[in-house]
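Here are some notes for a colleague opening this entry for the first time. Please read them with the structure in view.

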Amino acid sequence: MSNRLKVTPNDLSAFWMPFTANRQFKQAPRMLVAAKDMHYTASDGRKILDGTAGLWCVNAGHCRPKITEAIQKQAAELDYAPAFQMGHPIVFELANRLVDVAPKGMEHVFFTNSGSESVDTALKMAIAYHRARGDGARFRLIGRERGYHGVNFGGISVGGIVSNRKMFGTLLTGVDHLPHTHLPGKNTFTKGEPEHGADLADELERIVALHDASTVAAVIVEPVAGSTGVLIPPKGYLKRLRDICTKHGILLIFDEVITGFGRLGTPFAADYFDVVPDIITTAKGVSNGVIPMGAVFVTKDVHDAFMNGPEHMIEFFHGYTYSGNPIASAAALATLDTYKEEGLLTRGAELAPYWEEALHSLKGEPHVIDIRNIGLVGAIELEPIAGAPTKRAFQAFVKAFERGALIRTTGDIIALSPPLIISKGQIDELIDHVREVLRMVD
C-alpha cells in the first residue's frame with residue numbers, strides 16, 4: 001500500500017458526498033484505502049469485513065486478479081471508442097455473453113453506465129416501443145411505493161421512496177404507484193418468500209381501470225426491493241403482475257440492478273421466480289462494481305419494434321458517450337469469466353440455508369422487530385428511537401465499522417448482501433458483529 005493511501009486529506013470540504021451525512025462524516029471520517037476478496041482496509045490499517053458487497057455490487061469480491069488484469073490490458077490497447085455509428089469487437093462479445101446468461105427470451109442488450117441510466121433507458125424504451133407500433137396513447141408509467149429505481153428524474157418518478165422525491169418538484173407526469181408489499185403484521189420473521197400479500201398485485205387492475213389500459217405503457221418493479229430495506233415479494237405476486245400486464249398489453253420491467261448476477265442464488269431474479277419480463281435493467285454486478293457499467297436486456301419483440309424505416313436512419317435516439325466503453329467491457333467480460341469459473345451465479349443457493357439460519361439467530365436480540373431473507377440478502381429491522389427515526393440504525397452502522405464490519409442501513413433497517421465468495425465462517429463472523437452491535441446501541 002502506498003503512503004499516499006495511509007494519509008487522510010487535510011481538507012475534506014471540496015467533495016460533496018452522495019447519500020451521506022456530510023457534516024457528521026467530515027468530523028470523523030471513515031476512510032477505506034485498499035481491498036482484497038472479502039475485506040476492505042481502513043486508513044488506520046484495520047481489516048473491515050465487507051457485509052454489503054460494496055454497495056450491492058462487488059459480487060465476486062474485491063480486486064480479483066482476472067478482472068484487474070483485463071482492465072490493465074485493455075487500457076493499454078484501446079482506451080476509448082465511440083459507440084455512436086462506430087463499434088469495437090469486445091462490446092459485441094460482451095453482449096453475446098450477457099445474452100447467454102440472461103433469462104430465456106432476453107435477446108438484446110443496450111449498454112449504459114449505471115443503474116439509474118438503465119432505468120431511464122428502459123422507461124424511454126417502453127414509451128417509444130408503443131409509439132413505434134402505432135400505439136402512442138400509451139405514455140403512463142406505473143411504479144411501486146417504496147421502490148428504488150436510481151436517482152435520475154425518471155427513476156425517482158416511478159420510485160416510491162419519499163426522501164428521494166420530495167425535494168425535486170413535480171417529476172414526470174402520468175405516473176402512478178402500486179402499493180408496496182410489506183405486511184409486518186402478517187409476515188414478520190418470514191424465512192424466504194412471505195405467504196401473505198399476493199393479492200396486492202391485483203391493485204394493478206384497479207390502477208389500469210382508473211387510467212384505462214390504452215394509456216399505460218409499462219409497470220416497473222424490483223423483484224426484491226433492496227434499497228428500501230429488503231422487501232421480498234409474496235408467493236405468486238410477481239406471476240400475477242406478469243399475467244395482468246400481458247392481459248392489457250403493458251410492458252413489465254424488472255429492475256434487477258441489485259438482484260442480477262447471482263444475488264438470489266440464480267443468475268437473475270427472473271430465473272428465481274420463474275417470471276420473464278419484457279425488459280430487465282442491470283448494473284452493479286455486471287462489472288463487479290469495478291468500473292461503472294449498466295445493461296438493459298430486452299426481448300426480441302421489444303427490439304424488433306424499432307427496426308423499421310430506412311436502414312440509414314437511427315432507430316432509437318438515445319445513448320451515452322460511455323455506452324459499452326472498452327475498458328468497462330473488458331472488466332465485465334472478466335467478471336463473467338470469474339462468475340463462471342467459480343460458480344458464483346448459483347453459489348448463493350448453496351449458502352442460502354446457512355445464511356438464513358445465521359440471520360434469524362438474531363431474533364430476540366435488542367431492538368429487533370423483524371428479519372427478512374432471500375438468497376444471499378437479508379434485513380434486520382430495528383424499532384426506531386421515538387422522535388429520532390434512523391438514528392438507531394445509523395449508530396449500528398458506525399459501531400459495526402469500528403468493530404471491523406461494513407453493513408448498510410436504510411431507515412431503521414440493517415441490510416446485508418455480502419460478496420458471493422463469502423464462507424460459512426465469515427457468515428458467522430458477520431452475524432456476530434451485528435449481534436454485538438445490537439447489544440451496544442441505545
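1. Start at Ser118. Setting aside residues up to four places away in sequence, Ser118 touches Thr112, Thr281, Thr282, Gly294, Ala295 and Val296. The residue belongs to helix α6, which covers residues 115–132. Is Ser118 buried or exposed? Its relative accessible area is 0%, so Ser118 counts as buried. Please keep in mind here and below that the model is predicted.

2. The chain as a whole. Its secondary structure amounts to 17 helices and 15 strands. The radius of gyration is 22 Å, and the globule rule gives a value close to this, 22 Å, for 442 residues; the chain is therefore as compact as a globular protein of that length. Along the principal axes, the C-alpha atoms fill a box of roughly 65 × 55 × 45 Å.

3. Burial and contacts. How much of the chain counts as buried? The share is 55% of the 442 residues. Among contacts with a separation of 6 or more, 73% join residues that are 24 or more positions apart. The contacts of Ser118 in helix α6 with Thr281 and Thr282 can be looked at with this in mind.

4. Surface and charge. About 19400 Å² of the chain is exposed, and 54% of that area is supplied by carbon and sulfur atoms. The side chains include 45 positive and 50 negative ones. The centres of these two sets lie 4 Å apart.

5. Cysteines. How many disulfides does the model have? The count comes to zero. A disulfide is a covalent bond between the sulfur atoms of two cysteines. For Cys63, the closest cysteine sulfur is that of Cys57, at 12 Å, which is too far for a bond; the cut-off for a disulfide is 2.5 Å between the sulfur atoms. Cys63 has a relative accessible area of 44% and is therefore partly exposed. Cys245, in contrast, is buried, with a relative accessible area of 0%.

6. Phe19. This residue is not a glycine, yet its phi is positive, at about 40°. Where does Phe19 lie? It sits in the loop between α1 (3–6) and α2 (22–27). With a relative accessible area of 63%, Phe19 is exposed.

7. Thr390. Here too the residue is other than glycine and phi is positive, with a value near 80°. Thr390 is placed in the loop between β12 (377–382) and α16 (391–403). Its relative accessible area is 39%, so Thr390 counts as partly exposed.

8. Gly197. This glycine is found in the loop between α9 (184–187) and α10 (203–211). Which residues does Gly197 contact, leaving aside neighbours within four places in sequence? They are Leu183, Pro234 and Tyr237. Gly197 has a relative accessibility of 7% and therefore counts as buried, the cut-off being under 20%. From C-alpha to C-alpha, Gly197 and Lys186 are 8.8 Å apart in space, and they are 11 residues apart in sequence.

9. Loop positions side by side. Phe19 is exposed, Thr390 is partly exposed and Gly197 is buried. Each has been placed in a loop above: Phe19 between α1 and α2, Thr390 between β12 and α16, and Gly197 between α9 and α10.

How values were computed: Residues numbered from 1 in each chain as written. Predicted model: local features only at pLDDT ≥ 70, side-chain atom pairs only at ≥ 80, totals over all residues. Heavy atoms only, no water. Helix = DSSP H or I, 4+ residues; strand = E, 2+ residues; numbered from the N terminus. Rg over C-alpha atoms; globule rule 2.2 N^0.38 Å. Buried < 20%, exposed > 50% of the residue type's maximum accessible area, 1.4 Å probe, protein only. Contact = heavy atoms within 4.5 Å. Areas by Shrake-Rupley, 256 points an atom, 1.4 Å probe, with all protein chains shown as cover. Lys, Arg positive; Asp, Glu negative; His and termini not counted. Charge placed at Lys NZ, Arg CZ, Asp CG, Glu CD.
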